[in-house]
Amino acid sequence: MDKRALSERDICTKFITPALEKSGWDKLTQIREEVTFTDGKIIVRGVLTSRGTQKRADYILYYKPNIPIALIEAKSNSHSVRDGIQQALDYARTLDIPFVFCSNGDGFLFHDKTATGSNIEKVIQMDNFPSPAELWNKYKIYKGITTPESEKIIEQDYFFDGSGRQPRYYQQIAVNRTVEAIAKGQNRILLVMATGTGKTYTAFQIIHRLWKAGAKKRILFLADRNALIDQTRRGDFKHFRDKMTVVKNRKVDKSYEIYLALYQGLSGSEEESNVYKQFSPEFFDLIVVDECHRGSARADSAWREILDYFTNAAQIGLTATPRETKSVSNIEYFGDPVYIYSLRQGVDDGFLAPYKVLRIGINVDVDGWEPEKGKLDINGNPVPERKYNSKDFERVLIIEERTELAAKMITDYLKGNDRYAKTIVFCTDIDHASRMRHELVKLNGDLVAENPKYIMQITGDNEEGKRELDNFINPEERYPVIATTSELMTTGIDAQTCRVIVLECNIQSMTKFKQIIGRGTRINEDYNKRYFTIIDFRNATKLFTDDTFDGPPIKIKTVDPDATLKDFETEEGEETDDTWDDPTMPPTEEGINDDSGQIYEPGIEEPLENRPKIIVNGVDVRPLYIRKQYFDKDHKPITVSLTDHTKQIIKGKFASLDDFLNIWNAAERKDAIIAELEQQGILVDSLLDALERKFDLFDLICHIAFDMPPLSRKERANNVKKRNYFTKYGDQARKVLEALVDKYADEGIKNVEDITILQVNPFTQFGSAYEILRDFGGADNYLKAVKELENELYRTA
């Protein structure tokens with residue numbers, strides 16, 4: 001047998017898999033081949049989408065299901081045994097796998113993270129591949145598992161319901177790292193996972209494994225909203241069945257093992273409201289805190305009283321947005337995150353939806369507004385003479401024309417795209433949400449007449465609106481379509497089909513910004529939801545440029561022993577609604593509740609609702625600009641022109657024009673190069689929109705990066721026809737090629753390369769696809785002719 005003539009798959013089948021089985025690995029339960037672990041980044045072209053390349057490992061070896069311990073990269077025998085190790089190490093880092101192998105069928109290169117010095121990487125014979133027991137022992141050393149008790153915990157099986165559902169790779173890492181940390185005695189754990197990545201499912205698997213292993217026998221799951229508790233109870237946690245209860249009406253039944261509860265349902269300002277004290281401090285041995293960036297982050301909150309009371313229990317904080325300010329710190333309480341799965345990673349992996357950003361600058365926001373001398377409000381009162389800006393609008397002063405214009409621009413966008421696209425309009429406060437709803441209703445009277453729930457105000461004070469919240473987030477329910485809100489929908493709302501996020505409020509807090517953006521990041525393929533659009537009236541999306549938007553959380557809280565209460569007052573940019581410290585109160589939409597139910601602005605003694613807003617009209621309000629914001633491959637806003645951005649990428653990838661031309665002409669399919677350039681961050685569709693679609697991307701690249709004069713597709717097509725290139729073909733084949741040239745001139749190269757084009761007009765006039773291919777002497781000859789045609793189209797001399 002000539003091993004060098006074998007394909008990579010042959011090497012796997014004839015050499016690698018037999019070597020694994022000989023070492024004791026079970027082919028059915030421990031060996032997985034060609035494991036795809038991402039979905040492929042969603043690439044948006046106008047209103048169309050496609051998927052980028054999925055990441056795939058040749059082999060992943062599991063000690064038990066969902067406990068991966070080794071990864072193997074396979075190569076054909078024409079490669080060295082060392083080829084592919086860097087890619088394998090990159091995949092292993094992503095998958096949190098400590099042992100990495102490469103093989104070409106002659107042997108294995110073994111990269112061992114438990115080894116030191118020159119032993120970290122060595123070549124071993126095919127017959128000497130480590131057994132499961134050998135690698136498991138190394139794995140325990142790597143993870144610091146030193147006792148039989150802790151080993152029993154980490155070996156506990158995942159829950160399987162028979163549906164075939166498997167955790168995604170990042171959920172698997174989060175579960176394994178958390179279980180391992182608890183097995184080693186760690187009692188405070190922080191998990192950071194972007195909105196829409198399945199934190200509740202992850203929490204369920206953690207709880208189930210610890211519970212089944214007997215490591216944790218009574219567990220409390222804490223949340224801050226009824227919607228979160230209901231979603232949890234009806235969703236993944238339903239498998240706990242009669243072992244689980246929801247604490248309601250301040251009544252405690254100690255016969256259960258899994259408890260779901262609202263913070264405010266367990267504590268209160270009065271001692272008799274603190275029903276958590278009906279449990280002994282040792283009753284719970286595990287507490288999971290959902291959305292822990294909210295009240296539990298403050299050391300002086302009522303929520304923290306619950307955690308401090310059960311201080312001996314292991315406590316896990318879950319959040320997409322850890323809260324770190326000078327006075328509040330999740331990290332100080334829970335410690336550094338054991339795992340972070342960011343929004344950027346979720347988008348790159350194709351598990352979260354990418355976003356478009358439309359920035360709208362209104363003249364009074366950009367330039368400010370000063371009332372003319374003697375200006376009266378709608379009640380005939382003088383308007384204080386000063387300059388008002390976007391921070392004042394809707395909070396201190398209302399310009400009626402401004403609200404009308406914002407509503408009109410939202411409506412115009414939906415009319416130009418999809419009037420039934422689920423949309424959340426985030427407003428400054430409840431009053432603003434109410435007035436925004438009113439203006440939107442006036443502009444969409446035709447659809448409101450069909451169903452008055454087309455537009456709903458969903459805020460904490462509006463009972464009818466809150467009743468429609470479940471319908472808004474239910475993909476199967478058409479109504480409501482547009483929801484105006486302020487704070488109620490910023491967090492914990494699983495809006496799978498939300499396609500438009502409107503920012504009509506000032507946002508200084510990074511935590512709040514990330515939570516709001518998270519309302520649109522879920523993907524729902526069944527309902528064609530693969531991306532979403534952010535319409536930004538307040539320049540809030542400037543926060544995308546902040547390094548903390550997608551970076552690791554950094555603890556910044558410091559404690560001065562001489563500090564006074566004033567030193568811990570809320571700073572600008574810090575969230576002010578620490579929410580629900582009084583369990584008798586509903587969630588506030590702004591500021592902090594007191595016992596009276598009024599809402600206060602921090603630093604101002606008079607409640608906001610008691611200070612009437614100034615309302616004016618007759619003001620010249622108009623849009624100054626409407627801009628699309630573009631993002632690079634790292635999800636950072638592009639601050640240079642699209643052409644300069646493209647030039648930077650092309651120059652970084654291709655050394656010269658000749659280098660680019662050689663790769664372009666050698667490619668089997670030009671569309672593959674286009675897809676690769678998109679992966680590198682070139683915004684193909686936006687570039688074509690910004691310049692001229694009559695040009696091929698090939699010409700735009702050559703012109704932008706290498707100053708070559710561009711030719712339009714029509715000019716290239718005519719040049720081919722002038723060269724009489726088709727004369728060497730028969731009459732019927734020539735007609736097909738001429739039609740392909742015309743197709744290129746109209747639509748570009750992508751469709752020309754697709755053989756299925758023969759099934760549409762005008763090609764059907766020349767016969768069936770089979771008959772056309774026969775005229776060329778078969779499919780291979782047809783594809784060869786297309787390749788030659790491409791070379792003619794892209795001739796540069």
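Here are four short exercises, each with a worked solution, on a predicted model.

**Exercise 1. An aromatic pair**

Task: Work out how the rings of Tyr259 and Phe284 are arranged, stacked, tilted or edge-to-face, and which parts of the chain they tie together.

Solution:
- Start with the total: the structure holds 49 aromatic pairs.
- Now look at this pair: the ring centres of Tyr259 and Phe284 are 5.3 Å apart, with the planes at 85 degrees.
- Planes over 60 degrees apart count as edge-to-face, so Tyr259 and Phe284 form an edge-to-face pair.
- Next, find the two residues: Tyr259 is in strand S12 (residues 258-262), while Phe284 is in the loop between helix H8 (263-266) and strand S13 (286-289).
- The pair therefore ties together parts that are 25 residues apart in sequence.
- Finally, check the surroundings: Tyr259 and Phe284 are buried.

**Exercise 2. A second pair and its cluster**

Task: Do the same for Tyr276 and Phe310, then find which residues form one aromatic cluster with them.

Solution:
- The centres of the Tyr276 and Phe310 rings lie 6.4 Å apart, and their planes are at 65 degrees, so this pair is edge-to-face.
- Tyr276 sits in the loop between H8 and S13, and Phe310 in the loop between helix H9 (302-309) and strand S14 (314-319), so parts 34 residues apart in sequence are tied together.
- Buried or exposed? Tyr276 and Phe310 are both buried.
- One aromatic cluster is formed by Tyr256, Tyr259, Tyr276, Phe279, Phe283, Phe284, Tyr309 and Phe310.

**Exercise 3. Charges over rings**

Task: Find which ring face Arg627 lies over, and which one Lys653 lies over.

Solution:
- Arg627 lies over the face of Tyr625, 3.9 Å from the ring centre.
- Lys653 lies over the face of Phe654, at 5.9 Å from the ring centre.

**Exercise 4. Helices that pack**

Task: Describe how H25 crosses H28, and how H20 packs with H21.

Solution:
- The axes of helix H25 (residues 731-747) and helix H28 (residues 779-793) come within 11 Å and cross at roughly 50 degrees.
- That angle makes H25 oblique to H28, and the crossing is right-handed.
- On the H25 side, Val736, Leu737, Leu740, Val741 and Tyr744 meet Tyr782, Ala785, Val786, Leu789 and Leu793 of H28.
- Turn to helix H20 (residues 657-666) and helix H21 (residues 670-680): their axes are 8 Å apart, at an angle of about 130 degrees.
- H20 and H21 are therefore oblique to each other.
- Here Ile663, Trp664 and Asn665 in H20 meet Lys670, Ile673 and Ile674 in H21.

How values were computed
Residues are numbered from 1 along each chain as its sequence is written. This is a predicted model: local features need pLDDT of at least 70, side-chain atom pairs count only at pLDDT 80 or more; totals for chains, interfaces and linings use all residues. Side-chain values use heavy atoms; hydrogens and water are left out. Rings of Phe, Tyr and Trp (its six-membered ring) pair if their centres lie within 6.5 Å; planes under 30 degrees apart count as stacked, over 60 as edge-to-face and the rest as tilted. Helices (H or I, at least four residues) and strands (E, at least two) are DSSP runs, numbered from the N terminus. Buried means under 20% relative accessible area, exposed over 50%, partly exposed in between (1.4 Å probe, protein chains only). A charge sits over a ring if NZ of Lys or CZ of Arg is within 6 Å of the ring centre and within 35 degrees of the ring normal. Axes are lines fitted to C-alpha atoms, for helices over the stretch in contact, and angles run from 0 to 180 degrees between N-to-C directions. Angles under 35 degrees count as roughly parallel, over 145 as roughly antiparallel, 65 to 115 as roughly perpendicular and the rest as oblique. A crossing is left-handed if the near helix is turned anticlockwise from the far one by less than a right angle, and right-handed if clockwise. Contact means heavy atoms within 4.5 Å.
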